[in-house]
Amino acid sequence: MSQRQIIQAFEQYQKSRMQFVQTVADLAARPQNIEILQSAGVMSMLRPLMLDVVPSIQQTAALALGRLADHSDELAEAVVKEDILPQLVHSLASQNRFYKKAAAFVLRAVAKHSPELSQAVVACGGVDTLVLCLEEFDPGVKEAAAWALGYIARHNASLSQSVVDAGAVPLLVLCLLEPEMALKRIAASTLSDIAKHTPELAQTVVDNGAIAHLAQMILNPDGKLKRQVFSALSQISKHSVSLAEMVIEAEIFPAAVACLKDPDEYVRKNVTTLMREVVKHTPELSQVIVNCGGMAAVVDYLGECSGNLRLPGIMMLGYVAAHSESLAMAVILSKGVPQLALCLSEEPEHHMRAATAWSIGQIGHHTPEHAKVVATAGLLPKLLELYMDASSSEDLQAKSKKALKSILQKCTFLPALEPLLYDVPSNILKHVVCQFSKVLPHDSKARRLFVTSGGLKKVQEIKAEPGSSLQEHINAINSCFPEEIVRYYSPGYSEVLLQRLENYQPS
C-alpha cells in the first residue's frame with residue numbers, strides 16, 4: 001500500500017468519525033430520535049470518540065452526549081455508568097474553548113436531573129474544573145461553566161456548599177461585571193441558586209459584594225437579566241432581618257417599585273417576590289416598602305395579572321397586614337381588600353385561594369374597624385363557603401376557617417353577621433352569636449333591627465347544648481329583650497297560644 005493510499009485511508013476514517021458524531025449530535029437534538037439512539041448503544045460508541053485525536057470530533061462527541069443526557073435522567077445515569085465523566089473532567093483542563101463549552105454542557109445536562117446525578121459530577125472533580133473555567137478569557141466558556149454550577153447548586157444546601165467551597169462565588173460576582181449580557185444573566189441566576197438554601201450560603205454571596213453589583217443592574221433594559229437580579233435579591237432577603245436590611249441599604253427602593261410596570265411579567269413577579277421577602281421580617285421593613293409606594297403598586301399589579309403571578313403579591317399584603325393595626329390599615333387604604341376579594345373569586349387554584357384567605361384574615365383580625373371593612377366586602381360568606389366545601393383542599397379549609405374565626409371575633413358590624421346565623425356549623429355559629437351578645441346590650445337600634453329582621457327568631461331556633469358557651473351567648477342575647485318578646489319568637493309559641501285559646505272560657 002502506497003503512502004498516498006495510507007493517507008487517504010486515514011482521511012476517510014477521520015471523515016467517517018466526524019460524520020458519525022455530527023449525525024448523532026443532529027439526531028440527538030430531536031426528542032423523537034432519542035429512544036432509537038439509546039437502543040442502538042450509541043453511548044458506548046461515543047465514549048472513545050471523547051478521546052479522539054481530532055479536537056472537532058471530541059467536541060462534537062461531547063455535544064452529542066450532552067444532548068442525550070439532557071433528554072432524561074435515565075440517559076444522564078447512562079453517561080455516569082459509562083464512566084464518561086472522569087475522562088471529560090480530566091480533558092477539560094487542556095482542551096480548547098469549544099471543547100470546554102461542550103464538556104460544561106455535558107456536566108450541566110447530567111447535573112440538572114437530580115441531587116444524586118449532581119453528586120456524581122461533584123465526586124469526579126467536576127465542580128473544581130468548572131470553577132477553573134470561570135477564570136477563562138472566553139465569555140462563552142465562563143457562561144457554560146456558570147450554568148453548570150447553577151444546576152448543581154440549585155438542588156440542595158450540601159451541593160451548593162460544594163460550589164462555594166470550590167471558590168465559585170467571587171468569580172461569579174466578577175462575571176456580573178462582564179459586558180456580555182448572557183454571562184451577566186447566568187451569573188446572577190447561579191448566585192440566586194446558591195443563596196436560596198440557607199442564611200450561611202446567602203451570607204457568603206453577600207460577603208463577596210454581590211448586593212451592590214446586583215443593585216446597579218435593576219434598571220438595566222434587559223428583561224431577562226432583571227428577572228435574575230430580582231430573584232437573587234429575593235433569595236438573599238428571605239433568610240433573615242439582617243440580610244433583608246442589607247438589600248434595603250443598597251437603595252434599590254423606590255427604583256425597584258417602578259419595575260412593577262415592566263413589560264416582562266416575570267420581572268414584575270420577581271419584584272413582588274422581593275417585596276414579600278423583605279416585608280415579612282419586621283414592621284419597620286414593611287413600613288419602608290409602604291413609604292416608597294410599594295403597597296399601592298402591588299395592589300395595582302394584582303389587578304393586572306392572574307394565576308400564580310398573583311401569589312407573591314397576595315402574600316405580601318398579608319405579611320404587611322399581620323404586623324400591626326396601622327400597617328393593616330395601610331393595606332385597606334391602598335384598596336387591598338377589594339383586590340383580594342377579586343382574587344378569591346377569580347382564582348380557581350386551591351393554593352391561591354388559601355393564600356388569599358390567609359391574607360384576608362391578617363387584615364381583618366386586628367380591630368372591629370378592620371373586620372368591618374372585610375365584612376362589608378362580602379368576604380365572610382365566601383370564607384364560610386370555602387371552609388364548608390368538601391372539594392376544598394385541607395389547607396384551604398384550614399386557612400378559611402382560621403381567617404373566618406379571627407375576623408368574626410372582632411366584627412361588630414351586625415348586618416354582615418346576620419346572614420351567618422343560618423346554615424353554619426356550630427363551631428362557627430358560636431362566634432357569630434357571641435358577637436351579637438356583645439353588641440346588642442349597648443345598642444337599642446340594633447336590638448330593634450334584630451327583631452324585625454328575624455334574627456331573634458332564628459336565635460330561638462338554635463339547638464345548643466345546655467351549659468355550652470353557645471347557650472350562654474344565646475341567654476345573653478335573650479336578656480336584652482322583654483321576656484314576652486323572647487317567648488313570642490320561640491319555636492312552638494303559636495301552638496301554646498292556640499292551646500290557651502282552646503282552653504279559654506269567655507265570661
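Start by selecting Asp70 and Lys112: their side chains meet in a salt bridge, 2.9 Å from N to O. Zoom out a little and you'll see that this pair joins distant parts of the chain, 42 residues apart. Asp70 belongs to helix α4 (residues 55-71), while Lys112 sits in the loop between α7 (97-111) and α8 (115-123). Switch on a surface and check both ends: Asp70 is partly exposed, with a relative accessible area of 27%, and Lys112 is partly exposed too, at 28%. Keep in mind as you go that this is a predicted model.

Next, pick Arg97 and Asp138. Here is another salt bridge, with the closest N and O atoms 3.2 Å apart. Arg97 is in helix α7 and Asp138 is in the loop between α9 (126-133) and α10 (139-153), so this contact ties together parts that are 41 residues apart in sequence. Is each partner buried or exposed, or somewhere in between? Arg97 is partly exposed, with a relative accessible area of 40%, whereas Asp138 is buried, at 15%.

Now jump along the chain to Glu277 and Lys280. These two form a salt bridge as well, and their closest N and O atoms are 2.8 Å apart. Glu277 is buried, with a relative accessible area of just 8%; Lys280 is partly exposed, at 27%.

For the last stop, select Arg154, Asp193 and Lys196 together. Rather than a lone pair, you get a network of salt bridges linking these residues.

Want to keep exploring? How many salt bridges does the structure hold? The count is 16, the Asp70–Lys112 pair where you began being one of them.

Definitions and conventions:
Residues are numbered from 1 along each chain as its sequence is written. This is a predicted model: local features need pLDDT of at least 70, side-chain atom pairs count only at pLDDT 80 or more; totals for chains, interfaces and linings use all residues. Side-chain values use heavy atoms; hydrogens and water are left out. A salt bridge is a side-chain nitrogen of Lys or Arg within 4 Å of a carboxyl oxygen of Asp or Glu. Helices (H or I, at least four residues) and strands (E, at least two) are DSSP runs, numbered from the N terminus. Buried means under 20% relative accessible area, exposed over 50%, partly exposed in between (1.4 Å probe, protein chains only).
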